[in-house]
Amino acid sequence: MLRALPTRPTRTRCATSTFALVLGLSLLRAAPADAGIHTWDVREVFSDASGTIQYIELRDNGTTGSEVGVGNGSLTSGSQTHAWSNGAVTGPTNGRSYLIATPAFAALPGAPTPDVILPANKVPFFDPAGDTIAFTTVDSWAFGAVPTDGVQSLDRVSGAGANTPKNYAGIEGNVDAGAAAVPTATFWMGLLLVASLALLGARRLSNRAGALG
């Protein structure tokens, strides 16, 4: 009686197994670079008229609370790009904000400490007359003119309203950029003119007093 020989994997089966293994490894290696941030959106923008005082607030609209990669991200506007490497944040992240702002904003009374401060050579970061801001490759927001009265911001959902900057620590503030406005050249010229007229008047009075004496 003949005994059946043990079967061997065919070349087709071996090739299929190898392909599946390679595909699995490739998928693991090809995990998106922005993993852990895909539910973060650009939510609120703020600017004064000069663009010196600005902030951009991101918001995690997800529900898992695991989008901790926001600490390593980048923003791009029509004229600027800035990337940061602060490391992953501590979760949960859902419903939380991440604040990117200019140095002049950070110096305002009532401003929460930004999570990222933009360098001076990237200010203004966006055009207050309208721009598009993208957060890495996961979200972008094209918006029109931003209120520049120093007290209102532009919210992606609710529109123009009182500014409410909030950082990742959950500290929310309210600023008045109008009160921090730097006097213009016209102001200083006017002040100089008044001082000159006062000095001229004092000299005339002194000369007249000398003549009468």
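So, burial to begin with: of the 213 residues in this protein, 34% are buried. Keep in mind that we're looking at a predicted model. The accessible surface comes to about 12,800 Å², and carbon and sulfur atoms hold 61% of that.

On to the fold. We've got three helices and ten strands. If you walk along the sequence, the pattern reads α-β-β-β-β-β-α-β-β-β-β-β-α. And for the contacts with a separation of 6 or more, 59% are between residues 24 or more positions apart.

Okay, let's look at a sheet. Which order do the four strands take? It's β4-β3-β7-β8, an open sheet with antiparallel pairing. At the edges stand β4, residues 81–85, and β8, residues 139–143; each has a single partner strand, so one side of each has no neighbour in the sheet. On average, neighbouring strands here are turned by 10° against each other, if you ignore direction.

Now zoom in on the β3 and β7 pair. That's residues 72–76 against residues 131–135, antiparallel, over two bridges. If you want something to click on, take Leu75: its bridge partner in β7 is Phe135.

Next, a loop residue, Thr102. You'll find Thr102 in the loop between β5, which is 97–101, and α2, which is 103–106. Buried or exposed, then? Thr102 has a relative accessible area of 0%, so it's buried. What does Thr102 touch, leaving out residues up to four places away in sequence? The answer is Thr52, Ile53, Gln54, Ile117, Leu118 and Val123. Gly51 is another one to put on the screen: Thr102 and Gly51 are 51 residues apart in sequence, and C-alpha to C-alpha they're 9.2 Å apart in space.

Right, salt bridges. How many does the structure hold? Four, and I'll go through some of them.

Start with Arg43 and Asp155, whose side chains meet at 3.1 Å, N to O. Arg43 sits in β1, residues 40–47, and Asp155 in β9, residues 152–155, so this pair ties together parts that are 112 residues apart in sequence. As for burial, the cut-off is under 20% relative accessible area. Arg43 is at 18%, so it counts as buried, and Asp155, at 11%, is buried too.

Then there's Asp139 with Arg156, where the closest N and O atoms are 2.7 Å apart. Asp139 belongs to β8, while Arg156 is in the loop between β9 and β10, the latter being 159–162; so the pair links parts 17 residues apart in sequence. Remember β8 from before: it's one of the edge strands of that open sheet. Asp139 has 12% relative accessibility and counts as buried, whereas Arg156 is at 32% and counts as partly exposed.

One more: Lys166 and Glu172. Their side chains form a salt bridge too, at 3.8 Å, N to O. Where do they fall on accessibility? Lys166 is partly exposed at 24%, and Glu172 is partly exposed as well, with a relative accessible area of 47%.

To pull a couple of threads together: the Arg43–Asp155 salt bridge has a buried residue at one end, Arg43, and a buried residue at the other, Asp155. With Asp139 and Arg156, you get a buried Asp139 and a partly exposed Arg156. Okay, that's my tour, over to you.

Note on methods
Residues numbered from 1 in each chain as written. Predicted model: local features only at pLDDT ≥ 70, side-chain atom pairs only at ≥ 80, totals over all residues. Heavy atoms only, no water. Buried < 20%, exposed > 50% of the residue type's maximum accessible area, 1.4 Å probe, protein only. Contact = heavy atoms within 4.5 Å. Areas by Shrake-Rupley, 256 points an atom, 1.4 Å probe, with all protein chains shown as cover. Pairing = 2+ DSSP bridges. Axes fitted to C-alpha atoms, helices over the stretch in contact; angles between N-to-C directions.
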